[in-house]
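Here's a quick tour of one strand and the packing around it. Have a look at the model first, then read on.

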Amino acid sequence: MERIQKVIANSGYTSRRKAEELLIKGKVKVNGIVVKELGTLVDSSDTIEVEGNILKKDLKVYILLNKPRGVVTTTSDDKMRKTVLDLIDAKERIYPIGRLDYDTTGVLILTNDGNLTNGLIHPSNNVDKVYIAKIKGIIKSDDIKKLSKGVIIDGKKTSKAFAKIKKIDKKKNISIVELTIHEGRNHQVKKMFEVCGYEVLKLKREKFAFLDVKSLKPGEYRHLSIKEVKKLYSLINKS
Ligand code: URA
């Protein structure tokens, strides 16, 4: 069962706020009866009518985007910068699962499936997010251990991670490090390197769970297959 204003918004008919207004104005019917109460619970067997239009059942959409540099991961931006939604042609009200910074590239999933979103971002489900970071300086093996064990950022220790050196270029004074984390805290990877004394020059999310974007150029996207969606669900329905 879901709250009716959420179901209306998820269908793409209008925003949640407008759906609430329409409810209060008596413009919404459930199974032919006017419903004015915000938060009325409905399920997929109910027929919902808004302003005389029967709502199409909420079609779930799952998109895998290779996020390019220079776009924000929010659905709208007050600085009028390009958002990831500008790159995607979808009628449904999709949103990104988690965030990547403006200058971070790589795997980003967008969907209108709230259950999958909640499951994938919950740290208890331990979904792997693999990042490749180009950092300034030559990373010490002690710092690789530190990153793996967890470091304190924003007053809280990060959970166990997996860090591995991919390349060291002494001439250019840079290191390429692979870091696998299970949380999705704000600017987590950059902050983890920062507390160890390194600046991240470039960051790419190479994998989210088993998904990568090797077949997609930056800015390109594709829909996930049913098999891939089921596999994502299997990661969050373990217990
Ligand atoms: N960690 C960061 O610091 N930035 C990102 O975009 C993703 C993870």
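## A strand and its surroundings

Strand β7 (residues 62-67) is joined by six bridges to strand β9 (residues 105-111), and the two run antiparallel. Strands here are DSSP E runs of at least two residues, helices are H or I runs of at least four, and both are numbered from the N terminus; two strands pair if DSSP finds at least two bridges between them. This is a predicted model, where local features need pLDDT of at least 70, side-chain atom pairs count only at pLDDT 80 or more, and totals for chains, interfaces and linings use all residues. Residues are numbered from 1 along each chain as its sequence is written, and side-chain values use heavy atoms, leaving out hydrogens and water.

β7 has antiparallel pairings with β9 and with β17:

| Partner of β7 | Bridges | Opposite Ile63 |
|---|---|---|
| β9 (residues 105-111) | six | Leu110 |
| β17 (residues 221-223) | three | His223 |

Six of the six β7 residues are buried, so the strand is largely enclosed by the rest of the structure. Buried means under 20% relative accessible area with a 1.4 Å probe, protein chains only. Tyr62, Leu64 and Asn66 cover one side, with Ile63, Leu65 and Lys67 on the other.

Now for the packing. The largest nonpolar core (buried Ala, Val, Leu, Ile, Met, Phe, Trp, Tyr and Cys joined through side-chain atoms within 4.5 Å) has 31 residues, and Leu110 and Leu147 are among those with the most contacts inside it. Domain 2 (62-123 + 211-236) and domain 3 (128-208) both contribute, so this core lies between them; the bounds come from an automatic or database domain assignment.

Key:
Buried means under 20% relative accessible area, exposed over 50%, partly exposed in between (1.4 Å probe, protein chains only).
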